[in-house]
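Here is a short tour for a newcomer. It takes up the ligand, then a pocket, then two sheets.

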Amino acid sequence: MSDRTSSISTPNGKSSELPVLSGTHGPDVLDVRGLYKDTGHFTYDPGYATTASCKSAITFIDGDEGVLLYRGYPIEQLAEHSTYLEVCYLLMYGELPNPQQSEEFNSIISHHTMVHENIRDFINGFRYDAHPMAMLVGTIGALSSFYHDSLDINNPLHREISAQRLIAKMPTIASYCYNHYRGLPFMYPDNSLSYVENFTRLMFAVPAEEFEPNPVAVKALELIMILHADHEQNASTSTVRLAGSSGANPFASIAAGVASLWGPAHGGANEACVNMLDAIVNSGETIEKTIARAKDKNDPFRLMGFGHRVYKNFDPRAKLIQKMCHDLLNELGGDTPMFELARKLEEATLADEYFIERRLYPNVDFYSGIIFRALNIPMNMFTVMFAMSRTVGWISHWMEMHEDPEGRIGRPRQIYTGAAKRDYPV
Ligand code: CMC
């Protein structure tokens, strides 16, 4: 409880003493919970841009300074020193694992990688050309019908087992969604491989041939997964919390998060970026013309993969992924016209006054889209990759929410603008 308050007067002549809350980092927050009781007024904040929906100790972002911390650790340091599974452990349990904890966690996760055989049949029931995200959202929801031995949300052990199952099974399910779409056989997981190596095998191996994970691809994917593991109260994470606040089971709550991520304004931006680059290459438009269109206020065209709502200085994830992207393109080659265009666009915008003034830098989606293309990951799998990486963030928030003594069902209010009360015409 805060010992500082801020007094607020409302137009009806009433007032309220609002407690001022402070976090470890970030601006102070006015606790408006007593406002309605004291004054009869609600607050109005569509999009929740100035509303803290919860207290959380998981991730901190400072958009002006370009800071991203998981459990206090800068993303740059985690990207350099950690594996994805160590980051999962950190997000879930709050501390980095020691070597023994790390080994135990790896072992637990690898022993949950297989899915019930009927889940393979379940995925086979989707139309042959279903979008992998459509299959993913349905299959994650369906997990509660397979793993109902761990669905007691009031039991901390059940919550933990469900979290471990989700992290472990996500690569298997994600790859099956892709393999079904391609008409390829479903591989079983190989628990002798690392988490990311196993995923590349599930995606790209076929039973008829030996498969050797490509270390360049594994390194790039490991980085992308670390960078996407959590991003505090974004739309999909808030969706998971809201769905879970009613007591919905973890699989249903995470399925809600997957559905929210699916939208182009959230998880779909890297796909939009690669689509844009393809369209420019195919049309033969020059860089100059493309940039002129992006600046023209009469043209709705925007450069996809540029700018960010929160990071107004730079996106620390973009800096890390940019280097990886350049290294990868030098090493792998690939779709040369598209990669050439991306490089020139990056160079040209970084030197252009319009983009400099508005702080519009290439964002994480610009580079992840290009990396996925270089790794031959099809475009309709981009958001699935994001969902797989973010599952640990979602489930860590879901677990934190269930441990929060102040937790209540999420239930926003509204300003009613419909018809005034009237009588039924008789
Ligand atoms: N291309 C050209 N101009 C742009 C762009 C762009 N991509 N983004 C912003 N602007 C201009 C905009 O026209 C405005 O100009 P002016 O001040 O002259 O009116 C100014 O920059 C500020 O734009 P805004 O729309 O107020 O900025 P915002 O913070 O509301 O929007 C954004 C952020 C990410 C929605 C936007 O930059 C955008 O649409 N980018 C392209 C889509 C994209 O890459 N999205 C992924 C973002 S990262 C997602 C994640 O972290 O998961």
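How far does a polar side-chain atom of arginine 358 lie from an oxygen atom of the ligand? The distance is 3.0 Å. Keep in mind that this is a predicted model.

## The ligand and its shell

Arginine 358 has company. Histidine 308 and asparagine 363 also place polar side-chain atoms by ligand oxygens, as the table shows.

| Residue | Ligand atom | Distance |
|---|---|---|
| Histidine 308 (N or O of the side chain) | oxygen | 2.7 Å |
| Arginine 358 (polar side-chain atom) | oxygen | 3.0 Å |
| Asparagine 363 (polar side-chain atom) | oxygen | 3.0 Å |

How much of the ligand does the protein cover? On its own, the ligand has 950 Å² of accessible area, and the protein covers 71% of that.

The shell around the ligand holds 18 residues. Leu303, Gly305, Phe306, His308 and Lys312 are the closest. What is the mix by class? Seven residues of the shell are nonpolar, four are polar and seven are charged.

## The second largest pocket

Next comes a pocket. The second largest one holds about 380 Å³ of space. Its lining counts 16 residues. Nearest the centre of this pocket lie Ala79, Lys219, Leu223, Met324 and Asp327.

Which helices help to line it? α2 (75-81), α9 (215-227) and α14 (316-332) each give at least two residues to the lining. By class, that lining has eight nonpolar residues, one polar residue and seven charged residues.

## The sheet β4-β5-β6

Now the strands. β4, β5 and β6 make an open sheet in that order, and the pairing is antiparallel. Why is one side of β4 and of β6 left without a neighbour in the sheet? β4 (59-62) and β6 (73-74) stand at the edges with a single partner strand each, so one side of each has no neighbour there.

Take the pair β4 and β5. Four bridges join these antiparallel strands. Across the pair, aspartate 62 stands opposite valine 67 in β5. The two strands form a hairpin, with four residues between them. In that turn, glycine 66 has a positive phi of about 70°.

Then follow β5 (residues 67-70) to β6. Two bridges link this antiparallel pair. Leucine 69 faces proline 74 in β6, and tyrosine 70 stands opposite tyrosine 73 in β6. This pair is a hairpin too, with two residues between the strands. Arginine 71 sits in the turn and has a positive phi of about 50°.

## The sheet β1-β2-β3

Another open sheet has three strands, in the order β1-β2-β3. Its pairing is antiparallel. Which strands stand at the edges? They are β1 (5-9) and β3 (29-30). Each has a single partner strand, so one side of each is left without a neighbour in the sheet.

β1 and β2 (residues 15-21) run antiparallel and are joined by five bridges. Within this pair, serine 7 stands opposite glutamate 17 in β2.

Notes: Residues are numbered from 1 along each chain as its sequence is written. This is a predicted model: local features need pLDDT of at least 70, side-chain atom pairs count only at pLDDT 80 or more; totals for chains, interfaces and linings use all residues. Side-chain values use heavy atoms; hydrogens and water are left out. A residue is near a molecule or strand if one of its heavy atoms lies within 4 Å of it. A polar contact is a pair of N or O atoms within 3.5 Å; within protein, one must be able to donate a hydrogen and the other to accept it, and residues adjacent in sequence count only if both atoms are side-chain atoms. Accessible areas come from the Shrake-Rupley method with a 1.4 Å probe; for residues, only the protein chains shown count as cover. Ala, Val, Leu, Ile, Met, Phe, Trp, Tyr, Cys and Pro count as nonpolar, Asp, Glu, Lys and Arg as charged, and the others, Gly among them, as polar. Two strands pair if DSSP finds at least two bridges between them. On a 1 Å grid over the protein atoms alone, a cavity is a set of points where a 1.4 Å probe fits but cannot get out, and a pocket is an open set with protein on both sides within 12 Å along at least five of seven lines; lining residues have an atom within 4 Å of a point. Grid points are joined across faces, edges and corners, and a volume is the space filled by probe spheres set on the points.
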